Amino acid sequence: MDAGSRDAVTPPEAPFVLLAGSGLLSASSDAPETALRHMGLRPEAVASTGAEAAMFRLCFGNLRVLAGRAGPLRKGIADPDDRATSLLGVSLPSDWRGNCWFFTPEVDPGAERPSFDQFYRMLVLLIDLFGARQLFWSPARLWTDAGQFRSAIAEMQTSGMPPVLHLVAFRRRDGAAGETVATRGLATLCGQELEAPVPPGWDMAAMVKRLARLALDMMLNGPVERAQRTPGLASGEWVGLTPRARPDGGPATVLVEFSHDR
């Protein structure tokens, strides 16, 4: 197959997934293309910028996805040894960089809230095809278990609930005003991130449980448009939500404040 027949690669700023593992990732150069074609994904060549090896465009219904062996830039963004990278219940083998492919959905630039649901379903096929064990989602800079992602998508097919823990990272921060927990990657899905001070006595699990529920609601129903106060998970618990624009023009943040009846 000749590279460079149609388009240049989507820049790495666009959302992408990395799959790491074994199987076809370490096979001969022709094996992935053949297997992708047998799965009906109709791989076609696209041009490379030099940062990536030869790439394909895959077709899955109306979805178009760029795919190829990950280059240094994408693997640098996903470096599990970088403190900015989050890992949820996974560790990567030392040779993961040699067994790593990227997949970038081609999203309409004019889409206000792009849906990645069909892309998630395509990833289930690719996880099995490539024998992937770990999955990286770039907007969250988050590595998770590929098998658990597959199970989460199966659940999504039944319940309609997207796999929030695979798409949004929850990061604990220390500041002058105390500890906070903030999301990363949620803005890609709904235009806003969440940030919440940690109430006294609360651990990370308590914060993630509540913030994940809020993130899921925003993924399904859109951003928080106005300040509001709603009941929390526990009896007598309240959640205050205050959307705030960022002065630097970045994604808006929703300040989340937990309180209890006295």
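## Two sheets and the helices on them

Strand 12 and strand 13 form a hairpin, with five residues between them. Gly236 sits in that turn, and Gly236 has a positive phi of about 80 degrees. This is a predicted model. Strand 12 and strand 13 run antiparallel, and four bridges join them. One residue pair shows the register: Gln228 has Leu241 of strand 13 as its bridge partner.

The hairpin belongs to a sheet. That sheet is open, has six strands and mixed pairing, and follows the order 9-10-11-14-13-12. Strand 9 (169-175) and strand 12 (228-231) stand at the edges. Each has a single partner strand, so one side of each is left without a neighbour in the sheet. From one strand to the next, the twist averages 25 degrees.

Further into the order, strand 11 (residues 192-197) pairs with strand 14 (residues 252-260). The sense here is parallel, over four bridges. Glu195 finds its bridge partner, Leu255, in strand 14. Helix 7 (residues 204-221) packs on this sheet. Helix 7 touches strand 9, strand 10 (178-184), strand 11, strand 13 (237-244) and strand 14. The direction of helix 7 makes about 150 degrees with that of strand 11.

Now turn to another sheet. This one is open, with eight strands in the order 2-3-4-6-1-7-8-5 and mixed pairing. Its edge strands are strand 2 (44-46) and strand 5 (86-87), and each of these pairs on one side only. Strand 7 (residues 132-137) and strand 8 (residues 142-145) pair in the antiparallel sense, over four bridges. Within strand 8, Trp143 stands opposite Phe136.

Phe136 also takes part in an aromatic pair, with Phe16. The ring centres are 6.2 Å apart and the planes make 40 degrees, a tilted arrangement. What does this pair tie together? Phe16 lies in the segment before strand 1, whereas Phe136 is in strand 7, so the pair ties together parts that are 120 residues apart in sequence. The model has 12 aromatic pairs by the ring-pair rule.

Helix 3 comes next. Helix 3 lies across strand 1 (17-21), strand 3 (55-60), strand 4 (63-69), strand 6 (100-105) and strand 7. Relative to strand 3, helix 3 runs at about 120 degrees.

Helix 3 has a helical partner too. Two packed helices are described by the angle between their axes and the distance between the axes. The axes of helix 3 (residues 117-130) and helix 4 (residues 146-159) come within 10 Å and cross at roughly 135 degrees. Helix 3 is therefore oblique to helix 4. The crossing is left-handed.

Which residues make the contact? Helix 3 supplies Asp117, Tyr120, Arg121, Leu123, Val124, Ile127 and Asp128. Helix 4 supplies Ala146, Phe149, Arg150, Ile153, Met156 and Gln157. By class, the residues of this contact divide into eight nonpolar, one polar and four charged.

Conventions. Residues numbered from 1 in each chain as written. Predicted model: local features only at pLDDT ≥ 70, side-chain atom pairs only at ≥ 80, totals over all residues. Heavy atoms only, no water. Axes fitted to C-alpha atoms, helices over the stretch in contact; angles between N-to-C directions. Helix = DSSP H or I, 4+ residues; strand = E, 2+ residues; numbered from the N terminus. Parallel < 35°, antiparallel > 145°, perpendicular 65-115°, else oblique. Left-handed = near helix turned anticlockwise from the far one by under 90°. Contact = heavy atoms within 4.5 Å. Nonpolar A, V, L, I, M, F, W, Y, C, P; charged D, E, K, R; others polar. Pairing = 2+ DSSP bridges. Phe/Tyr/Trp six-rings, centres within 6.5 Å; stacked < 30°, edge-to-face > 60°.
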